[in-house]
Amino acid sequence: MTTQTSLTSLGWQAFFQQQLSLDEWQQCYPVRVLEQHKTLLDVSGEQGAMRLPYTPAVLSQLGAICVGDWLLLNRSDVSMQQPTIIRRLERLSCFQRRAAGSKVGMQLIAANVDTAFIVCSLNDDFNLNRIERYLSIVHESGAEAVVVLSKADLCEQADERQQQVQRLDPMLAVVTVSGLNSDSVQQLTPWCRSGKTVALLGSSGAGKSTLSNQLLGQEVQATGTIREDDSKGRHTTTKRSLLAMPGGAMILDTPGMRELQLADCADGLAQTFADIEQLAQQCRFIDCGHTNEPGCAIQMALKNGTLEERRLHHYAKLQREQQFNSATIAQRRAGEREIGKLHKRIQGERKRQKKLS
Ligand SMILES: Nc1nc2c(ncn2[C@@H]2O[C@H](COP(=O)(O)OP(=O)(O)OP(=O)(O)O)[C@@H](O)[C@H]2O)c(=O)[nH]1
Ligand SMILES: [Zn+2]
């Protein structure tokens, strides 16, 4: 296997290659983060797999690192047990969410995902609002969104529901599958070619694990068993891992991707609801509230049936949610900065007092 093939099978692409100078190619080598633990990173590259420490020092030097990231390691350290991380390569896409608990800001979930499969069951789980929520998150991340409508075998209105999803965006890829049928899952292969990274999003029971197992094939299913062990408590942190698919793509399996609140997601929302954004620009008044103003293009679209009332309401709801969450982050950051400044002032004052005494 050549070096290039090996890196490609880990998801290496021209986008990353372009970020390295010739000198760097001689002095460094890239590795991909396949799994993230609390204080360790499992990485893999042309030199094989290894484990790197993920310490506060690394964090402050390189910023947060997450599964899917590409790192440059120092070539001269190959024989050493702990190679130095030179830098993290710029990301092609990035999923993040509001950090839980007292932590300030956003928490990285996964980086460099090419395609996110938004899995939604065609029966009980079928919900356009949920699909719009996930679409906003995926668009914000920079990954390509593909809606995968699962459990087609259990639904008689599969075609009608597929059309409903397609109406959300005529350019969107919408695929109807039965996860239990491997031939049907083959429809996803165009997005699973060698060098690509895919992830599965969707609510519990939507059929993600079933699809993931089909995509991974028999050979890798054993990894799933190990993963189950983990969730029973071998690791306290949530495990996020990238697994290799037989066709050469990588698949990201992380529970953290499954339910995400909107935060810092203004662009993703605007892209998902581009039709409404465009209508709003056609309103007669620049500050139109889209309720009963004359010349309101949105009200007009509702009346003539080109815009669904549900979609407009949901857009407003998601906007409120993202504004609330984003404001909270900004406020918290401002608060943290104030505390930091106060701390510095106190330390400075102490030093001054010492000098005087
Ligand atoms: N009939 C049918 N059943 C399916 C299909 N896909 C999944 N299922 C079943 O639906 C149930 C839930 O599927 P999972 O793959 O575990 O769903 P999940 O999205 O991974 O759920 P979580 O792990 O809770 O997030 C299982 O009993 C599957 O066998 C399908 O296409 N057709
Ligand atoms: Zn208007």
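**Notebook: helix H5, the ligand shell and the domains**

I looked first at H5 and found that 11 of its 14 residues are buried, so the helix is largely enclosed by the rest of the structure; I take buried to mean that 20 or more other C-beta atoms, placed from the backbone, lie within 10 Å of a residue's own. This is a predicted model, in which local features need pLDDT of at least 70 and side-chain atom pairs count only at pLDDT 80 or more, while totals for chains, interfaces and linings use all residues. Residues are numbered from 1 along each chain as its sequence is written, and chains are lettered from A and ligands numbered from 1 in the order in which they are written.

I noted that H5 covers residues 128-141 and reaches 20 Å from its first C-alpha to its last, close to the 20 Å expected at 1.5 Å a residue (1.5 Å times one less than the number of residues). Helices are DSSP runs of H or I with at least four residues, and strands are runs of E with at least two. Among the buried residues of H5 I listed Ile 131, Arg 133, Tyr 134 and His 139, and just after the helix Gly 142 takes a positive phi of about 95 degrees.

I then turned to ligand 1, where Gly 179, Ser 204, Gly 207, Ser 209 and Thr 210 come nearest of the 16 residues around it (C-beta, placed from the backbone, within 6 Å). Helix H8, residues 208-234, gives the most to this shell, with 3 residues.

Lastly I checked the division into domain 1 (3-90), domain 2 (107-257) and domain 3 (266-350), whose bounds come from an automatic or database domain assignment.

Notes. A residue is buried if 20 or more other C-beta atoms lie within 10 Å of its own, exposed if 12 or fewer, and partly exposed in between; C-beta atoms are placed from the backbone.
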